[in-house]
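User: Hi! I have a structure open here and would like to talk it through with you. Could you help me find my way around?

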Amino acid sequence: MIKIWAVTLNSFREAMRDKILYTLLFFAVLMILASVAVAQMTIGEYEKVLRDLGLTAISIFGLLIAIFVGIGLVNKEIERKTIYTIVSKPVHRWQFLVGKFLGLSATLLVQVLSMGIAFVIMLVFAEAQLSSSLLAAVWLSYTELLVITATALLFSSFSSPVLASMFTIGFTLIGKLSAGLVEFTERGEATSEGFRSFARLLYQAVPDLQTFNVRTAASYGVDVPWEYVLYGTGYALAWSAALLLLASVIFQFREFK
Amino acid sequence: MSADDVVVRCENLTKRYRGSLLRRSHLALDSLNLEVKRGEVVGYIGPNGAGKTTTIKILMGLHKASGGTAEILGQPVGSVACRERVGYLPERPYFYNYLTAEEFLHFYGSLYGMSAASRRAKIDELLPLVKIEHARKLPLRKFSKGMLQRVGLAQALINSPDLVVLDEPSSGLDPMGRMLIRDVIAELKRRGVTILFSSHILSDVEDICDRVAIIVAGKLVKLAAVRDLVHHNVRAVEVTLENFNEANLSTLSERNPILLGAERVTFSLPDQAEANALVKEALKRGAHVASVVPRRESLESLFVEKYTAQTPEEIRTDA
């Protein structure tokens, strides 16, 4: 456990001392605060737009941090050959990956909390209503980021940073669209059976990231049941574990040039 | 020799890198047999691309062998258990520049599962050994190349290893840095640590190592004690003279000077007797003798003559 903890702490330190992280965080907070101005330009539903913009900003910037910092964490180790001194220690490769995952998860938690605090300050400043569903929405956004982090680690375990970024972005888009695609085909609007099967296959093979999207309910102030939050958390952990397991198997066979 | 006395054992170790559409496959190691005994220092030398780093990467679990076996302390390489008692410094290492020297060593100590107290004690012992005690709170990005190499050496020793593997530890260092690395290796040898290190600085290898393994084109061509390889016979004597006039020079020039300057001239004589004769004659003619230097056989001269004159195929056939 001490070995995983060492990698976790080192990854957390590395990410927290990375300037890119603060640049992204700066723009995220700026966008959250700017949503007050944007919401004022809308006609009616001022509070709903305010909450929606804030939650979307948290989700998008969280995704950017998860993808780019996540991929960088493993690939930098390989490119700079620091991995040589880790893999040559009595550390299993899966321990290295799990440590990296936990380190980035902790970093993301700090980032999401920072953005969440900026969001709450913005809502208080705008005299908008606060509700528990906002907390549920932010938490589920965070659990979604865990799945994306595990995905980024999986792709960076065998490919270059550019390819890993493209794969992770593609995987994320499929995860966000697959539920809608299945719904579209099930309604009978798809012309071929082959396309329907393809949509169902995508839905099964990739985590359904819409599970973590309760932003619409939260922005309308509709309660999100705690059972659903629990389900979403379990779903994220199960997918993260599966993706990390696959990454570990691939990483085990990787040679470092 | 009992099995316990062998710390590193490679038997028919082979590594072939797969080719691709644009590149042919490459045999980097060809049935390498190598044993390193407990407590000895073995220098691993060979031209660039000979397979030194490949061997070390296989031993450290970074690459997988295509054939043959390799063991460290009786455990197959690649297993986590075999790395418990090993320290490793890669070639031209890059380290986490956002960590201080102390954080850096704590991190590597943790990877060996060491407790915080034992890490602290070991760090207090190692920082003075590698002479960077003054920089313990300094982030590594502010370290010079020599200091980075020294802190890298410290991480390789954090677990008090039985075997230390160093890949080109003196590469790119200034003379002071090289001397320090040499001193640390000598100190480890004194403590009974087994050391395998690759290097292009053959004078260091000759001075420090008990045995030398020479690899050319993936094949081990020689594994012998330094004293059996290098006999330190006088190969030539170089005599440098000063203050001679034109007439003297014309007489002495028959002996074919190897360096001819405005003030001084250097001759290379095949043995001490001829050198003595030249010195005697030069003194008689009023010249000054600036120096008389016997050139002895060295590992470097042996390596250059024997292994750079032949093609890799010829060397492999001889082996």
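Analyst: Happy to; below we go through confidence, overall make-up, the chain contact, some strands, a loop residue and the cores.

User: Great. What kind of model is it, and what are the ipTM and pTM?

Analyst: This is a predicted model. Its scores are ipTM 0.79 and pTM 0.81. For chain B, the pLDDT averages 84, and 88% of the residues score at least 70.

User: How many helices and strands does chain B have?

Analyst: You'll find eleven helices and 14 strands in chain B. The chain has 319 residues, of which 40% are buried.

User: And what share of its contacts join residues at least 24 apart?

Analyst: Counting contacts in chain B between residues at least 6 apart in sequence, 70% link residues at least 24 apart.

User: Let's switch to the interface. How many residues of each chain are in contact?

Analyst: On chain A there are 21 residues in contact with 22 residues of chain B. Two helices of chain A, α1 (2-16) and α4 (82-87), each provide at least two residues of the side that touches chain B. The largest share of that side comes from α1(A), with six residues.

User: What's the chemistry on that side of chain A: how many nonpolar, polar and charged?

Analyst: The side of chain A that touches chain B has eight nonpolar, five polar and eight charged residues.

User: Now the sheets. What is the strand order in the open sheet of four strands in chain B?

Analyst: The order is β2-β1-β4-β5 in chain B, and the pairing is antiparallel.

User: Which ones are the edge strands?

Analyst: Those are β2 (26-37) and β5 (75-76) of chain B, each pairing on one side only. At the β5 edge, β4(B), residues 67-72, runs antiparallel to β5(B) and is joined to it by two bridges. There, B:Glu71 has B:Pro76 in β5(B) as its bridge partner.

User: Which way do β9 and β10 of chain B pair, parallel or antiparallel?

Analyst: Antiparallel, with six bridges between β9(B), residues 211-216, and β10(B), residues 219-225. Together β9(B) and β10(B) make a hairpin with two residues between them. In the turn, B:Ala217 has a positive phi of about 50°. Across the pair, B:Ile214 is opposite B:Lys222 of β10(B).

User: Changing topic: where does B:Ser25 lie?

Analyst: B:Ser25 is in the loop between β1 (6-17) and β2 of chain B.

User: Is B:Ser25 buried or exposed, and why?

Analyst: B:Ser25 is exposed, because only 11 other C-beta atoms lie within 10 Å, and the cut-off for exposed is 12 or fewer. Setting aside neighbours within four places in sequence, B:Ser25 is in contact with B:Arg16, B:Tyr17, B:Arg18 and B:Gly19. As for B:Arg85, 60 residues apart along the chain, its C-alpha atom is separated from that of B:Ser25 by 34 Å.

User: Last one, the interior. Which residues touch the most other members of the largest nonpolar core?

Analyst: B:Phe104 and B:Val165 do, in a core of 145 residues. The helix that gives the most to this core is α6(A), residues 132-156, with 15 residues.

User: What is B:Phe104 in contact with, leaving aside its neighbours within four places in sequence?

Analyst: The contacts of B:Phe104 are B:Phe95, B:Tyr96, B:Leu99, B:Leu140, B:Val151 and B:Gln155. Apart from the largest core there is another, of nine residues, including B:Val239, B:Leu241, B:Val265 and B:Ala287.

Conventions. Residues numbered from 1 in each chain as written. Chains lettered and ligands numbered in written order. Predicted model: local features only at pLDDT ≥ 70, side-chain atom pairs only at ≥ 80, totals over all residues. pLDDT = per-residue confidence, 0-100. Pairing = 2+ DSSP bridges. Buried ≥ 20, exposed ≤ 12 C-beta atoms within 10 Å, placed from the backbone. Contact = placed C-beta atoms within 7 Å. Nonpolar A, V, L, I, M, F, W, Y, C, P; charged D, E, K, R; others polar. Core = buried A, V, L, I, M, F, W, Y, C linked by C-beta atoms within 7 Å.
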